[in-house]
Amino acid sequence: MHRRATLHDFLSSHKHVVQVRLSRVRGSSPREAGTSMYVAAEGLWGTIGGGQLEYIAIDHARRMLQTHVISDTLDVPLGPEIGQCCGGRVEMRLAQMRQADRDSALAEEQAAQAALPHVYVMGAGHVGRALADLFQHLPVRCILIDQRAEELALCNADVEIRQSAIPEIDIATAPTGSAFVVLTHDHALDFLLASAALQRGDAGYVGLIGSATKREKFRRWCRDHCDGLATDRLICPIGASGSRDKRPSVIAAFVAAEVIADLTYEPAASAPSRSIDLPKSGSQPDAGGDTAEEISR
């Protein structure tokens, strides 16, 4: 597994670094106030949104390194004059980093990483591994869970890999606001895990691979075996945006977008606020034969 480079790696490998921080944002801009980027003579970490704004900041930071300027500020209107049409205005503070600044940046990064929402991918089959491949690049902490060591061994993504004999315990001990994507190799286990996630009442997302038929079977199962547990907050089918393509990578792309949309929805707190109607299309193949095609998840 290839480990992604970290801010610690970047700062350790560059002696002279300028921190570019958005100190004030007015109107529309690519990133919010407080966003930082780190610029070395031959390296870069992070982004303040790309485009001409970022090019200006990088160029200015590198000139500061060349001329030994300790700190500076920039006030940039995001208009036609720089070829960027956001329409807002951004103020930036640029400063060469002392050891105290490095320590502060690393502590801030560590806190940000600790605050990332957890996404539990329950099942390391084809779709589960494809999801891990995508989530490793997104601002979440992804945990890929399966009872089968041989399936977990096939995952090359930079995510947490966890072999769990009793995965419902992983659900029970997950942080508030976590997302749960259930796509195991077994319908009974799917139902057990999906119901465990719903029973928490504080999940940011609960999704179950399958179809409208599987959703209805699950609803009846919850009625009979979970004291009438409500299933209106369950997303099933997952990633149901009308695509007819059932390849694992395509399903995973739609599901990842769906999860991130829910986790970053502005008014969202610790528990989800939306329910979903049964879609007219977009069911996924599953082991129970709810659709004609079958794939290993």
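This is a short talk on two helix pairs, the empty spaces and two backbone details in one protein model. The model is predicted, so please keep that in mind as I go through it.

I will start with the helix pairs. Two packed helices are described by the angle between their axes and the distance between the axes. The first pair is helix 4, residues 126-135, and helix 9, residues 248-263. Their axes come within 8 Å and cross at roughly 55 degrees. That angle makes helix 4 oblique to helix 9. The crossing of these two helices is right-handed.

Which residues of helix 4 meet helix 9? They are His126, Val127, Ala130, Leu131, Leu134 and Phe135. On the helix 9 side, the contact takes in Pro248, Ser249, Ile251, Ala252, Ala253, Val255, Ala256, Val259 and Ile260. Sorted by class, this contact has 13 nonpolar residues, 2 polar ones and no charged ones.

The second pair is helix 7, residues 187-200, with helix 8, residues 212-225. Here the axes come within 11 Å and cross at roughly 65 degrees. Is helix 7 roughly parallel or roughly perpendicular to helix 8? The angle makes helix 7 roughly perpendicular to helix 8. This crossing, too, is right-handed.

From helix 7, the contact uses His187, Asp190, Phe191, Leu192, Ala194, Ser195 and Leu198. From helix 8, it uses Lys214, Lys217, Phe218, Trp221 and Cys222. The classes are 7 nonpolar, 2 polar and 3 charged. Recall that the contact of helix 4 with helix 9 has no charged residues.

Now the empty spaces. Rolling a probe the size of a water molecule over the atoms shows where empty space is left. The largest pocket holds about 1200 Å³ of space. It is lined by 35 residues, and the closest to its centre are Trp45, Glu109, Ala112, Gln113 and Leu116. Four elements give two or more residues each to this lining: helix 1 (7-13), strand 2 (36-40), helix 3 (99-114) and strand 7 (141-146). Which of the elements gives the most to the lining? It is helix 3, with 7 residues. By class, the lining of the largest pocket has 15 nonpolar, 11 polar and 9 charged residues.

There are also cavities, and the count of those with 30 Å³ or more is 3. I will describe one of them, the second largest, which has a volume of about 60 Å³. Its lining is made of Met122, Gly123, Ile145, Asp146, Gln147, Pro167, Thr184, His185, Leu189 and Leu193. Strand 7 and helix 7 each supply at least two of these residues. So strand 7 is on the list for the largest pocket and on the list for this cavity, as a strand that gives at least two residues. The cavity lining divides into 5 nonpolar, 4 polar and 1 charged.

Last, two details of the backbone. Cysteine 236 and proline 237 are joined by a cis peptide bond, with omega about 5 degrees. Proline 237 sits in the loop between helix 8 and helix 9, and both of those helices have come up already, helix 8 with helix 7 and helix 9 with helix 4.

The other detail is histidine 68, in the loop between helix 2 (51-67) and strand 4 (71-77). Its phi is near 65 degrees, which is a positive value in a residue other than glycine.

Technical notes
Residues are numbered from 1 along each chain as its sequence is written. This is a predicted model: local features need pLDDT of at least 70, side-chain atom pairs count only at pLDDT 80 or more; totals for chains, interfaces and linings use all residues. Side-chain values use heavy atoms; hydrogens and water are left out. Axes are lines fitted to C-alpha atoms, for helices over the stretch in contact, and angles run from 0 to 180 degrees between N-to-C directions. Angles under 35 degrees count as roughly parallel, over 145 as roughly antiparallel, 65 to 115 as roughly perpendicular and the rest as oblique. A crossing is left-handed if the near helix is turned anticlockwise from the far one by less than a right angle, and right-handed if clockwise. Contact means heavy atoms within 4.5 Å. Ala, Val, Leu, Ile, Met, Phe, Trp, Tyr, Cys and Pro count as nonpolar, Asp, Glu, Lys and Arg as charged, and the others, Gly among them, as polar. On a 1 Å grid over the protein atoms alone, a cavity is a set of points where a 1.4 Å probe fits but cannot get out, and a pocket is an open set with protein on both sides within 12 Å along at least five of seven lines; lining residues have an atom within 4 Å of a point. Grid points are joined across faces, edges and corners, and a volume is the space filled by probe spheres set on the points.
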